Amino acid sequence: MPAITEFPIRHDWSRAEVEALFDLPLPELLHRAGSAHRLHFDPAEVQVSTLLSVKTGGCPEDCGYCPQAARYHTGVDATKLMETEAVVEKARQAKAAGASRFCMGAAWRSPKDRDVPKVAAMIREVKALGLETCATLGMLSGEQAQALKAAGLDYYNHNLDTDPEFYGDIIHTREMQDRFDTLSHVRDAGMKTCCGGIVGMGESRRQRAGLLQTLANLPAHPDSVPINRLVQVEGTPLHGTVELDPFEFVRSIAVARILMPASMVRLSAGRETMSDELQALCFAAGANSIFYGEKLLTTGNPDTERDMALFARLGLRPMRVENAKDDSIDACTTTVHAGITEAA
Ligand code: SF4
C-alpha cells in the first residue's frame, strides 16, 4: 500500500482500503491518523459534549445493546416526554455551565406526529435562549425533519450503529435503509448530521471496517462521528459479548480519523470504563471530542473533575469556540440511541 501523504475528503473508500488501514502496524496507523488530525484541528483541543434525555426508556425497537428497549428487562423505567419548561430550565443550566449548544434525546422509534409540535416548542424555546439546538429522536420523515428545522433545529443525531452486513444480527425492527433515509431527510432539510456507531458488539474487524467505510461514503461526512464502545447491560441480548481488545478500539478511532479527517471524532458510550491510558491513546489516534452524559449539568461532579485532571495531565484543553465551529462545550445527545442510561 503506498504511503498516504495527503488526507483528502473522499466518499469512495473501498472495503479493502479500509481493511488495509486497520491492518497497519499500530505505530504507523497512529502516525497517519495523527497527521490527518493535524491538518484540520489543533490536536491539543478536545470538544466536550453532554446531553439531556427528554424521554427515557419504553422504546419499541429491539436494538440488541440498548437498555431503553421496552422488551428487555434492564431496570430502566420508562418516562413520559418532559415538559417544555423543565427542558428549558436544564438548557439554562447548560448555558450557565458554558454550553452554546443544547441537545434533546428521546428513546423513540420515531416521533409520533402529535409529538412533533411538543419537541418543536422545546427547540424554539431553547433556541430563544441563544443556544444552538440538537436532537436525537429516532427515524424522521421528510415532513418531520422540515418541521424540526423550521422550529430552529441545527443538528440531528442518527447513528448507523454497525456494518450493513452485521446489522441484522443486532437490530430486527428497522432496516439500514431506514437509517439512510432519515439521514437524507435531515440533510435535505438543511440540518447538520451527527452519525457514528458502536464497536465491540461481536463484529469482525472486516465489519468494523465496513461501518467506517459506510460512514465515510455517505453523501456528506457527518459533522460529528461518535464511536461508541459497547456498554454491556445485563438484560440486553449483547450482555456477555466477548470484550473488544482495547487496541482494536484505538484502531477504530484512528481509521475513523483518517477516513473523515475534518469531522469531530467523538469518544462516547463506554468511555467511563476506559483507563486513562486508553483514553490518551484514543486522543493520539485523533479523537477530539468526549461525551459526558448529563454530568456537566451537575455542578462539582467528581467525574467531570477527573476528566479535567486527565486533560491537565495530557496537556489537553477544551476546544475553543472558533475551532469547534461552536462552543467549548457542546450539550449533545449523541449516545441516547447507543445504550446510554444515565440520562434516566
Ligand atoms: S437504541 Fe434507540 S431506537 Fe434502539 S432501542 Fe434504544 S432507544 Fe430505541
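Before any helix angles come up, here is how they work: axes are lines fitted to C-alpha atoms, for helices over the stretch in contact, and angles run from 0 to 180 degrees between N-to-C directions. Helices (H or I, at least four residues) and strands (E, at least two) are themselves DSSP runs, numbered from the N terminus.

This is a predicted model, where local features need pLDDT of at least 70, side-chain atom pairs count only at pLDDT 80 or more, and totals for chains, interfaces and linings use all residues. Residue numbers start from 1 along each chain as its sequence is written.

**The overall picture**

The protein's secondary structure adds up to 12 helices and 12 strands. Of its 344 residues, 51% count as buried; that label needs 20 or more other C-beta atoms within 10 Å of the residue's own, while 12 or fewer makes it exposed and anything in between partly exposed, with C-beta atoms placed from the backbone. Contacts use those backbone-placed C-beta atoms too, and two residues touch if theirs lie within 7 Å. Among contacts with a separation of 6 or more, 82% join residues 24 or more positions apart.

**Helix pairs**

Start with helix 2 and helix 9, residues 26-40 and 246-259: their axes come within 8 Å and cross at roughly 35 degrees. The crossing is left-handed, which is the term when the near helix is turned anticlockwise from the far one by less than a right angle, with clockwise giving right-handed. Helix 2 brings Leu-26, Leu-29, Leu-30, Arg-32, Ala-33, Ala-36 and His-37 to the contact, and helix 9 answers with Phe-247, Arg-251, Ala-254, Arg-257 and Ile-258. By class, that is eight nonpolar, one polar and three charged residues. For the classes, Ala, Val, Leu, Ile, Met, Phe, Trp, Tyr, Cys and Pro count as nonpolar, Asp, Glu, Lys and Arg as charged, and the others, Gly among them, as polar.

Next come helix 4 (residues 116-128) and helix 5 (residues 142-151), with axes that come within 8 Å and cross at roughly 25 degrees. That makes helix 4 roughly parallel to helix 5; angles under 35 degrees get that name, those over 145 are roughly antiparallel, 65 to 115 roughly perpendicular and the rest oblique. This crossing is right-handed. Val-116, Val-119, Ala-120, Ile-123 and Arg-124 of helix 4 meet Gln-144, Ala-147, Leu-148 and Ala-151 of helix 5. The contact has seven nonpolar, one polar and one charged residues.

Helix 1 (residues 15-22) and helix 8 (residues 205-216) have axes that come within 9 Å and cross at roughly 120 degrees, again in a right-handed crossing. Arg-15, Val-18, Glu-19 and Phe-22 from helix 1 make the contact with Arg-205, Arg-206, Ala-209, Gly-210, Leu-212 and Gln-213 from helix 8. These residues divide into four nonpolar, two polar and four charged.

**More from helix 5**

Ala-145 sits in helix 5. Leaving aside neighbours within four places in sequence, Ala-145 is in contact with Leu-140, His-185, Val-186, Ala-189 and Met-191. The C-alpha atoms of Ala-145 and Met-191 are separated by 8.5 Å, with the two positions 46 residues apart along the chain.

**The annotated positions**

UniProt, in an unreviewed entry, lists Cys-59, Cys-63 and Cys-66 under "binding site". It also lists Cys-103, Cys-134, Cys-194 and Arg-266 under "binding site". UniProt positions follow the numbering used here, feature names are shortened, and annotations may be inferred rather than shown by experiment.

Cys-59 lies in the loop between strand 2 (52-55) and helix 3 (84-96), and Cys-63 is in the loop between strand 2 and helix 3 as well. Not counting residues up to four places away in sequence, Cys-59 touches Gln-68, Ala-69, Ala-70, Ala-107, Trp-108 and Arg-109. With its own neighbours within four places set aside, Cys-63 is in contact with Ala-69, Ile-170 and Ile-171. Cys-134 is placed in strand 4 (residues 132-136), and Cys-194 in strand 6 (residues 192-194).

**Burial and an odd backbone angle**

Asp-161 has a positive phi of about 75 degrees although it is not a glycine. Its place is the loop between strand 5 (155-157) and helix 6 (167-170). Its burial count is tabulated here with some others.

| Residue | Other C-beta atoms within 10 Å | Class |
|---|---|---|
| Cys-59 | 24 atoms | buried |
| Cys-63 | 24 atoms | buried |
| Cys-134 | 29 atoms | buried |
| Cys-194 | 29 atoms | buried |
| Ala-145 | 22 atoms | buried |
| Asp-161 | 25 atoms | buried |
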